[in-house]
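Biologist: Hello! I am new to this structure and would like to learn how to read it. Could we go through it feature by feature?

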Amino acid sequence: SKRISRLRGHVFLRCEQENFEAKSLEVYIEGRERVELRYEDKHNLVHHAKSRRPLIDLVLEVTSFRDFLTHNGTLPIGMYAFPFEIQLPPRLPTSFDRDYEYGMIEYVIEATVKGCEYPHQYKALRPLTVCGKPLPEDPLPYKNVLACDMRNPHMKKVSTVFGVGLLMVGVLLRDTLLGRGEVTRFALSCRNRSQFVILHIQIEVMQKMVFKAKGKTEEMDLVLHSFKFGLFDGVERNNKGKHSIKNDLKAINSELEAFAHSFHFTMPKNARETYSGMLIRVRHEIVVSFATNSKKESWPRITIPIRVGAPGMERHKQLKREKPPYWSHTAVARPIRAGNERTVLGGKPVHHDDSKFRQTKKVLVPKKRKASFINLLKDLRESIDPKSLIQEHSSQDGWRDILIQLTPEEFGAILEVLHGSFDEIHVAIYLAEIIEEFSADHLIDGLKHVRDSHRIPFLTKGIPHTHESYKDTTDKLLKSLHSGEEGAVMHVIQCTKIKHKS
């Protein structure tokens with residue numbers, strides 16, 4: 001949204017010195033990932049690994065003081081205000097401070113007067129708080145129905161043999177895109193045909209963070225919210241009578257659609273937003289565990305990936321700031337407006353022992369790499385907006401020739417770089433549209449690297465772009481699918497075939 005990606009402000013300058021020579025006033029904006037890890041070597045000596053990675057760099061000349069200088073080129077004594085407005089990229093991650101974590105995402109703005117005898121004495125710096133772009137308003141639900149053999153609780157597969165060790169579970173989450181403080185609805189259904197008794201159902205909202213610095217990695221898992229779901233019909237053990245898998249699946253789906261056993265869930269406000277960077281990664285999931293009376297077997301569980309973002313637009317309030325008391329006798333300059341075409345996004349990580357670690361004044365504009373597949377992977381690793389990068393490259397002749405001729409192995413390598421990012425599906429489908437000979441082999445290589453929760457959307461959106469016959473596509477894909485995905489794939493292939501015939 002343009003409304004929340006616009007930075008407005010004033011630079012106030014109080015001149016108390018006569019014959020003050022000033023040539024320009026610049027505003028510098030910097031955003032970065034910063035990570036500091038503490039570790040011990042084999043001699044028990046403590047070391048610190050520090051790294052940072054630029055997210056945004058921007059230098060804007062606010063004024064040259066031409067309208068205020070006297071005939072001898074000096075600035076008169078007085079108070080001056082220089083308004084500015086900068087259009088920021090909408091995909092910037094939300095800033096967060098380091099409290100109990102090992103890293104932080106920070107933004108700073110600095111104003112510097114140049115042309116003075118001692119320019120370093122005339123500058124001001126303050127932190128910026130950036131709120132990321134809100135998630136899409138259209139809900140993205142999650143639904144999964146599976147049968148779990150209690151002799152192998154981690155086997156997410158519908159068994160063809162309906163034995164006494166079978167536990168059938170269904171979950172439905174109305175929306176997996178949640179802003180902090182937003183509410184969604186969660187439904188659960190179950191058929192227990194196993195030998196074990198379900199004591200309770202534990203539901204946990206997990207936040208998993210990974211920090212990297214100078215070759216070191218630190219992981220931190222945090223339970224944001226935990227509660228127990230009460231028992232309901234179907235959870236009690238029932239091995240009597242003959243029951244078919246088809247009827248039980250039908251009953252579970254009916255209960256889920258009707259939200260027969262459900263509750264309202266609120267995303268905690270202390271959650272960090274889901275983020276996938278080079279030094280910091282934050283992901284979230286809801287874990288549903290079924291506690292049984294078994295002392296040997298592990299508890300069966302279902303993991304639901306979710307994305308946490310900024311609160312919705314209605315939560316953003318415009319702060320009305322009062323004018324300072326000295327505003328009445330302040331000379332106000334003409335406002336300066338700038339877009340984001342001069343903004344440098346992303347970059348390589350810089351380590352503590354690097355000479356560039358303390359360099360903050362100069363914007364390092366990355367050199368444009370030659371069009372090659374290796375350089376494409378490098379650009380994707382350093383970018384904070386992979387989708388926009390691919391779209392930009394596809395409009396350039398040299399890069400477009402590489403993109404339209406991607407092999408299945410190269411297509412899979414791109415998705416491997418984007419693994420864990422919520423942009424991987426958008427990038428994959430965009431590439432499927434422009435690759436000249438997009439085939440089922442591209443889909444098969446892509447399935448090796450996309451997240452499990454993205455497999456079916458990746459297939460359903462990618463199959464219509466294949467250039468092979470429907471029989472060849474079906475034969476190849478069925479060998480690489482997980483159980484439960486065949487129905488969705490066959491439905492898409494059949495609908496695509498009908499559409500092409502018509």
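Biologist: Let me start with a strand pairing. Which residue in β10 is the bridge partner of Val 169?

Modeller: Welcome! The partner of Val 169 is Cys 190 in β10. Please keep in mind that this is a predicted model. The pair belongs to a wider match, since β8 (residues 166–173) and β10 (residues 183–193) pair in the antiparallel sense over 8 bridges.

Biologist: How many residues of β8 are buried?

Modeller: In β8, 8 of its 8 residues are buried, and the strand is mostly covered. Leu 166, Met 168, Gly 170 and Leu 172 point one way, while Leu 167, Val 169, Val 171 and Leu 173 point the other way. Both sets are buried.

Biologist: To which other strand do 5 bridges join β10?

Modeller: That strand is β13, which runs antiparallel to β10. Here Thr 184 stands opposite Phe 265 of β13. The two faces of β13 (residues 262–266) are unlike β8's: Phe 263 and Phe 265 form a covered face, and Ser 262, His 264 and Thr 266 form an uncovered one.

Biologist: Now the helices. Why do the buried residues of α1 line one face?

Modeller: First the general idea: an α-helix has 3.6 residues a turn, so residues three or four places apart point the same way. In α1, the buried residues are Ile 245, Asp 248, Ile 252, Glu 255 and Leu 256. Seen down the axis of α1, they fall within an arc of 100 degrees, so they line one face of the helix. On the face turned away from that buried side, the exposed residues are Lys 246, Asn 247, Lys 250 and Glu 257.

Biologist: What span should the 13 residues of α1 have?

Modeller: At 1.5 Å a residue, helix α1 (residues 245–257) should span 18 Å, and its end C-alpha atoms are 18 Å apart, which agrees. After α1 comes Phe 259, whose phi is positive, near 50 degrees.

Biologist: And how many of the residues of α6 are buried?

Modeller: Helix α6 (residues 424–434) is mostly covered, with 8 of its 11 residues buried. Among them are Ile 425, Val 427, Ile 429 and Leu 431. The cover over the buried residues of α6 includes α3 (386–394), α4 (397–403), α5 and α8 (455–462).

Biologist: Could you take one residue of that helix as a worked case?

Modeller: Gladly! Ile 425 lies in α6. Its relative accessible area is 8%, and buried means under 20%, so Ile 425 is buried. Not counting residues up to four places away in sequence, Ile 425 touches His 454, Phe 458 and Lys 461. Ile 425 and Gly 462 are 37 residues apart in sequence and 9.3 Å apart in space, C-alpha to C-alpha.

Biologist: Ser 95 is in a loop. Is Ser 95 buried or exposed?

Modeller: Ser 95 is buried, with a relative accessible area of 17%. The loop holding Ser 95 runs between β4 (78–87) and β5 (103–114). Leaving aside neighbours within four places in sequence, Ser 95 is in contact with Ile 105, Tyr 107, Leu 128, Thr 129 and Val 130.

Biologist: How should I read salt bridges, and what is the count here?

Modeller: Side chains of opposite charge can pair when their charged atoms come close. The count in this model comes to 15 salt bridges. One of them joins Glu 33 and Arg 53 (3.6 Å, N to O). That pair links distant parts of the chain, with Glu 33 in β2 and Arg 53 in β3, 20 residues apart. Both Glu 33 and Arg 53 are buried.

Biologist: Which residue meets Arg 334 in a salt bridge?

Modeller: That is Asp 67, at 3.3 Å, N to O. Arg 334 lies in the loop between β17 and β18 and Asp 67 in the loop between β3 and β4, so the pair ties together parts that are 267 residues apart in sequence. Arg 334 counts as exposed at 59% relative accessibility, and Asp 67 counts as exposed at 53%.

Biologist: Finally, what is the average pLDDT of the protein?

Modeller: The average is 79, and 79% of the residues score at least 70. Over residues 152–164 the pLDDT is below 50, although this stretch has 31 contacts beyond near neighbours in sequence in the model. Where pLDDT is low, the predicted coordinates should not be read in detail.

Key. Residues numbered from 1 in each chain as written. Predicted model: local features only at pLDDT ≥ 70, side-chain atom pairs only at ≥ 80, totals over all residues. Heavy atoms only, no water. Buried < 20%, exposed > 50% of the residue type's maximum accessible area, 1.4 Å probe, protein only. Helix = DSSP H or I, 4+ residues; strand = E, 2+ residues; numbered from the N terminus. Pairing = 2+ DSSP bridges. pLDDT = per-residue confidence, 0-100. Contact = heavy atoms within 4.5 Å. Expected span 1.5 Å × (residues − 1). Arc of directions from axis to C-beta. Salt bridge = Lys/Arg side-chain N within 4 Å of Asp/Glu carboxyl O.
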